[in-house]
Amino acid sequence: MAERTPPTPELLDLTIDNITPNTIRINSQCEDTRLRYLMERLVTHLHDFARETRLSTAEWAAAVEFLTRTGQTCSDVRQEFILLSDVLGLSLLVDAVNHPKPASCTEGSVLGPFHTHDAPAVGAGGVLSADPAGEPLLVLCTVRDRDGRPIPDVKVDIWETDASGHYDVQHADRGGPSERGVMRSDADGAFWFKAITPVSYPIPTDGPVGKLLQKLGRHPWRPAHMHFMLEKPGWDHLITAVYVRGDPYEKTDAVFGVKQSLIVDLEPVDEVTAVKYGVEPESKVLRQEFVLASEKETAELRDKNALEAMRSLGLSMKLVDHLPVPDLD
């Protein structure tokens, strides 16, 4: 016997003004309250955008073609949709909403489109880059909690470009990962490695996102930086980066990733440090302390921020699994 499905709401005589509530009525059959809410807001904002801008058929078709080409540009080593999210400021916004930082914690930044999952495990003092054109850099880091206590055995994923400003996956002859590594903090919360000094570079301009920036009159450049991703059960997942002070693109990052607290100074290696870590005296050193929040601290702050934001919008909401849904009780 065929399973009966609930009757579909009948559509009204559709017009510019009532297409939105009709679409929402049809979508409201979904039992997942969060998905239902997301779709309601998405449809509302999309329809309002089309009405407000009087979106033309040609512009709509161009947008569909743009998104199609964005998807076609994606590959296992290039995520053009993440790049699109980055240049629209959405990536940083989503991270800020989902990973708010209590006072004194290290702020997050964008993941970017060039993170991979094949970075090799690197021991203390390991070398992340074999690029002979790169300027040697010693990187000394610690991971601590808000009270200054070291956090051991934190998985730290690190990646940067080569001296030419390209990630390894951007080279057609890539034989394997380079300028990448995965480390673990030691009992004192420390980890250190040898790399090369980050350089400024443009995001890819050969794809649809790059062409969009050209149409908008925006430059594609990112300031010199190094990516870090830190994770350990019980601690809030941190995706961040450190940016070299004084870079010409420090205040105009194409993907909105720079925050003042993440800007660092590179200093000359002193003689004692050079001997201790086995680096050349002409090297530079980057010193960085990462301060992590616990998952509990971040969850509580995220919930508090969410409820305050909903109240400021005049919305009656409740949280389900830390995500807002309409409070219909």
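Entry 1, contacts. I looked up how far apart in sequence the touching residues are: residues 24 or more positions apart account for 67% of the contacts with a separation of 6 or more in the protein chain. Contact here means heavy atoms within 4.5 Å.

Entry 2, ground rules. I am working from a predicted model, where local features need pLDDT of at least 70, side-chain atom pairs count only at pLDDT 80 or more, and totals for chains, interfaces and linings use all residues. Residues are numbered from 1 along each chain as its sequence is written, and side-chain values use heavy atoms, with hydrogens and water left out.

Entry 3, the whole chain. I noted 8 helices and 14 strands in the protein chain; these are DSSP runs numbered from the N terminus, helices being H or I of at least four residues and strands E of at least two. The C-alpha trace spans about 80 × 45 × 45 Å along its principal axes. Of the 329 residues, 40% are buried (under 20% relative accessible area, with over 50% called exposed and partly exposed in between; 1.4 Å probe, protein chains only).

Entry 4, the record. I found a UniProt annotation in an unreviewed entry, "domain: Intradiol ring-cleavage dioxygenases", covering residues 130-272. Such annotations may be inferred rather than shown by experiment. The span is 8% helix and 34% strand, and its end C-alpha atoms lie 25 Å apart.

Entry 5, a sheet. I traced an open sheet of 5 strands in the order 1-5-2-12-11, with mixed pairing; two strands pair if DSSP finds at least two bridges between them. Strand 1 (126-127) and strand 11 (267-268) each have a single partner strand, so one side of each is left without a neighbour in the sheet. Strand 2 (residues 136-144) pairs with strand 5 in the antiparallel sense over 7 bridges. Cys141 stands opposite Phe191 in strand 5.

Entry 6, rings. I counted pairs among the rings of Phe, Tyr and Trp (its six-membered ring) with centres within 6.5 Å; planes under 30 degrees apart are stacked, over 60 edge-to-face and the rest tilted. The count comes to 9 aromatic pairs. Phe191 and Phe193 have ring centres 6.5 Å apart and planes at 5°, so they are stacked. Phe191 and Phe228 are tilted, at 6.5 Å centre to centre and 55° between the planes. Phe191 lies in strand 5 (residues 190-196) and Phe228 in strand 8 (residues 225-231), so this pair ties together parts 37 residues apart in sequence.

Entry 7, cover. Are these rings buried or exposed? Phe191 is buried at 2% relative accessible area, Phe193 is buried at 0%, and Phe228 is buried at 0%. Ring pairs link Phe191, Phe193, Phe228 and Phe290 into a cluster.
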